[in-house]
Amino acid sequence: MSSQLMQRLVRGLCIFVFLSSVPALAQKENPITWTVASEQTAQPLKAGATFKAQLTARIEERWHLYAMEQPQEGGPRPTRILVPAGQPFTLDGKIDAPGPIRENDPNFGFETDYYESSVTFEVPLRIAATAEAGRQKAVVEVRFQTCNQEICLPPKTLKLELEVDIAK
Amino acid sequence: MKMKARIPVLTLLCSTSVLIAGLCAVSAQTQAPAQPATRTQTQTPATQPAGAAPKATPTPNAPPVPPDRKAYLEALKPTDPQLKVAALEKYVADFPDSPGVTSANQTILTTMIKNWPDQQDRIFAHARKSIQMAQDFAKGNAYTSIINALIDANILLDRAEELAREGLAWTDEDLAKRARQTRAPHLANLGRLYVRRGKPREAEKALKEALAANPLLTDAALGLAELSEKRKDDKMAVEYYATAVLTGRAKPEVREKLRAAYKRTHNDSLDGLDALLDTKYKKDFPLPVTVEHYTPGPSRTSRTVLAEVFTGSGCPPCVAADLAFDAYLERYPRKDVAVLMYHQHIPLPDPMTNPATQARAKFYGVTGVPSYAIDGDRTTGGGSREMTKGFYDRVRPTIEKRLNTAADADVKLDATLSAGAVKVSAKVDGVKSEAKKLRLQIALAEETLRYSGENGIRFHPMVVRAMAGEMAGGFAVEAGKGTSAEWSFDLAAITKELKAHLDEFEEKRKEDKFAFSEKKHEIAANNLVVVAFVQDEDSKQILQSTVIRLKPEIAAK
C-alpha cells in the first residue's frame with residue numbers, strides 16, 4: 001500500500017473518530033516524548049571508556065519529527081542532538097540515525113525527511129579520562145520542532161540525563 | 001532516492017535496543033537508588049523559545065470546545081430518526097467544512113437506509129451531496145462508505161455502480177495529481193543538471209513542468225533563472241528570481257541575484273523592485289476566496305467583533321488562517337470586525353514577533369500556531385492555501401453570530417499622532433458585566449507589513465507592535481463603573497524595543513548562525529491602527545472593541 005494511500009486512509013479514519021480526535025489533535029502540547037537509556041551503563045565504566053546512549057522519540061499519530069538533515073533549505077528546522085560542554089562526557093563520533101521517511105510535505109510544498117511513530121538515535125559518548133569516579137549524569141540535549149497539517153508547535157530544547165557509574 | 005522508505009534492518013535493531021533500554025528504564029523505577037543498573041532519563045525543558053515576554057499574565061485556561069464540535073455533539077443526541085436526521089442536516093448546513101461533516105453525512109445515510117429504504121431518490125440525493133461535500137483527502141473514503149452501505153442494503157445498485165465508476169475515475173485523477181507533485185522536485189533536479197550540462201531545451205521543459213506542478217518549488221524557479229542568465233535574458237531572470245524570492249525560502253544570495261538582475265534591466269536602480277514583487281505576488285498567489293461584502297441584518301448590534309490571531313510567518317499551516325483573516329478584513333468594515341495578528345517565533349523565527357505578542361500568547365495559553373480567538377473564544381488549527389476557503393466558511397458563522405450579540409460595554413477611543421508618539425485616550429462605560437477581572441487593552445498595530453516569510457505569505461495585516469499599560473498589561477476596569485485611560489506609544493522607543501528583541505533572538509541562536517533575512521522593527525507612521533477592547537480575564541470574553549485607523553494626513557503631521 002502506498003504511503004499516500006495509507007495517509008489518506010488514516011485521515012479518513014480520523015474523520016470517523018471526530019468526537020475524540022479533533023480536540024486532542026488541536027490541543028496536543030507534547031506529541032513527541034523522549035527517553036534516553038543505555039545497555040552499557042548497567043555496569044560501571046572506566047574513565048576514558050566509550051559507550052552508546054539510545055535517544056528514543058515517541059511520536060504521536062499524524063505528527064512528524066523532522067530528521068537531522070533535510071533535503072532542502074527553507075523547510076522545517078532539523079532535529080539537533082548535542083552533548084553540552086561542562087561535563088565529563090563528550091560526543092565520540094557520528095550520531096547514528098535510521099533512514100527517515102522522505103515524502104512530499106504539503107506543509108512546505110517539497111520533500112522533507114521525517115520520522116513518524118518512533119525513532120531511536122544512537123549517540124556515541126566518551127567519558128573524560130580525567131572524570132572523577134562515582135555516579136555522574138551524562139546530559140544530552142535535543143532540539144526539535146514539530147508540525148502537523150493543522151498546527152505547528154514551538155521549537156523545544158530538552159535536556160535528557162543518563163546516570164553513569166564511573167569505576168574507581 | 002527513498003520514498004517513504006526506512007532501512008528495515010536498522011529499524012529492527014533500533015526497536016530491539018529500545019526494548020532493552022525500556023527494560024533498564026523499568027528497573028530504574030523499581031530498584032533502589034543505589035543500584036548501578038539504574039540507567040534512564042529525565043526530560044526537562046532546557047529553554048523556552050527566545051524572547052522574554054512581559055510578566056503578569058494569568059494562568060491560561062483550557063481552550064473551549066469549538067462551536068462546530070459542540071453542534072455535532074448536540075446533533076447526535078436525538079434518538080428519533082426524523083429528529084436526528086434533521087439535526088445532523090442542520091449541523092452540516094451550518095458547518096459545511098467541519099471535520100465531522102463526513103461522519104455526520106454517513107450517519108444521515110445509514111439512518112435513512114435503515115428507516116426509510118423506500119425513499120430511494122432522497123437517499124441517492126443525500127449520497128451524491130455527501131460526496132460533493134467531502135474534502136479531497138476524504139473523498140475516496142466517502143465513495144467507499146456510501147457504496148458499501150448501498151450494497152449492504154441491496155438498494156440502488158445501478159446508481160451505486162455509477163458511483164463506483166466515478167470514484168475510480170476520481171482516484172485515478174487524484175493519484176495523477178499527487179504523482180505530478182511528488183515528481184516535481186526530482187524533475188527540478190534534472191532540469192538544473194541540464195542547465196549545468198548545457199542542455200537548455202531539455203532544462204527549460206523539465207523546469208517549467210516542475211514549476212507548473214508546484215509553484216512554490218524554489219529550485220525549479222532558480223533553475224529557470226540560471227538558464228535565463230545563461231541566455232543573457234535579464235528580464236526573465238528577474239521574473240524567475242522573483243518567483244524564487246516570493247516562495248519565502250530562497251537563500252540571501254538569491255535575493256542578491258534578483259537585485260543584480262533587476263538593476264541590469266533598470267538603469268542600475270532598485271526603484272520599483274518591491275512594487276514588482278507585490279504585483280507578481282498578487283498575480284501568482286491571489287486570495288483563494290471570493291469575498292462578498294457583509295450586509296448587516298436586522299439583528300445586528302453595536303458590537304465590534306475582535307479576532308485575535310496567533311500566527312507565524314514560517315508556519316505552513318498558518319496560511320489558511322492568515323488568508324482567511326485577510327478575507328474577513330475585506331468582507332467586514334472595521335466598525336464590524338477588528339483583527340489583531342500576534343506573530344510568534346513558531347515554528348521558525350518571525351521578525352514580526354515581539355514581547356507583547358508573546359505575552360498575549362501566554363495569556364491565552366497558546367501552545368501552537370495558528371490559534372485564534374473570536375471575542376476571546378479561542379480555538380486552534382489552520383491548513384494549507386487550499387484549505388483557506390474551508391477555514392473561511394467555517395469561522396464566518398461564529399463571527400456573524402457575535403455581530404448579532406449585544407455589546408457588554410461601550411468603548412470610546414481617540415488617537416492622534418504627534419511628535420513621533422501616538423497619544424491614545426480611551427473611555428469605558430456602560431459595563432454590563434459583574435466580572436471581577438475586567439481589563440481595557442489597547443494595541444498599536446501596523447495595517448500591513450510586507451515580508452516574504454517561509455510560508456510564502458507576503459502581506460501581513462494588522463501586525464501588533466505594542467500593547468499599552470504597565471508591562472503591556474492594559475488597565476483595570478471596575479465592574480459596573482468603567483474607566484478612562486491615556487497612553488502614549490513612543491514610536492522611536494517601540495522601534496528600539498522591537499529591534500532589541502530581534503537582536504536578542506539572534507544572539508541566543510548565534511551558535512546556529514541564525515540571522516533574520518530582514519528585521520521588521522521599523523514602524524511606518526502612516527500605517528498605524530489602534531484597537532481598544534475590554535476583556536474579562538477569567539472567561540477571556542471580550543465585552544466590546546473599537547478601532548481607529550490613524551489617517552495618513554494625521555500621521556504626516
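**Exercise 1. Find the handedness of the disulfide between Cys315(B) and Cys318(B) in this predicted model.**

Step 1. Begin with the bond itself: Cys315(B) and Cys318(B) are joined as a disulfide, with their sulfur atoms 2.2 Å apart, and a pair of cysteine sulfur atoms counts as a disulfide when it lies within 2.5 Å.

Step 2. Turn next to the torsion about the S-S bond of Cys315(B) and Cys318(B), which is about 85°, so the disulfide is right-handed.

Step 3. To complete the picture of this bond, consider its surroundings, where both Cys315(B) and Cys318(B) prove to be buried.

**Exercise 2. State how many disulfides the whole structure holds, and describe the one that joins Cys147(A) to Cys152(A).**

Step 1. A search of the whole structure, taken over all chains, yields 2 disulfides.

Step 2. In chain A, Cys147(A) is linked to Cys152(A) by a disulfide with an S to S distance of 2.2 Å.

Step 3. The torsion about the S-S bond of Cys147(A) and Cys152(A) comes to about 105°, and the disulfide is therefore right-handed.

Step 4. For the burial of each partner, the cut-off to apply is a relative accessible area under 20%. Cys147(A) has a relative accessible area of 1% and is therefore buried, while Cys152(A), with a value of 0%, is buried as well.

**Exercise 3. Describe chain B as a whole, from its helices and strands to its burial, contacts and exposed area.**

Step 1. Counting the secondary structure of chain B gives 17 helices and 13 strands.

Step 2. Of the 557 residues in chain B, 52% are buried.

Step 3. Among the contacts in chain B with a separation of 6 or more, 69% are between residues 24 or more positions apart.

Step 4. The area that chain B exposes is about 25600 Å², of which carbon and sulfur atoms supply 54%.

**Exercise 4. Work out how helices H10(B) and H11(B) are arranged relative to each other.**

Step 1. Locate the two helices in chain B: H10 covers residues 234-246 and H11 covers residues 252-265, and their axes come within 9 Å and cross at roughly 150°.

Step 2. This angle makes H10(B) roughly antiparallel to H11(B), because angles over 145 degrees count as roughly antiparallel.

Step 3. As for its handedness, the crossing of H10(B) and H11(B) is left-handed.

Step 4. Finally, look at the residues through which the helices meet: those in H10(B) include Val238(B), Tyr241(B) and Val245(B), and those in H11(B) include Leu258(B), Ala261(B) and Tyr262(B).

How values were computed:
Residues are numbered from 1 along each chain as its sequence is written. Chains are lettered from A and ligands numbered from 1 in the order in which they are written. This is a predicted model: local features need pLDDT of at least 70, side-chain atom pairs count only at pLDDT 80 or more; totals for chains, interfaces and linings use all residues. Side-chain values use heavy atoms; hydrogens and water are left out. Buried means under 20% relative accessible area, exposed over 50%, partly exposed in between (1.4 Å probe, protein chains only). Helices (H or I, at least four residues) and strands (E, at least two) are DSSP runs, numbered from the N terminus. Contact means heavy atoms within 4.5 Å. Accessible areas come from the Shrake-Rupley method with a 1.4 Å probe; for residues, only the protein chains shown count as cover. Axes are lines fitted to C-alpha atoms, for helices over the stretch in contact, and angles run from 0 to 180 degrees between N-to-C directions. Angles under 35 degrees count as roughly parallel, over 145 as roughly antiparallel, 65 to 115 as roughly perpendicular and the rest as oblique. A crossing is left-handed if the near helix is turned anticlockwise from the far one by less than a right angle, and right-handed if clockwise.
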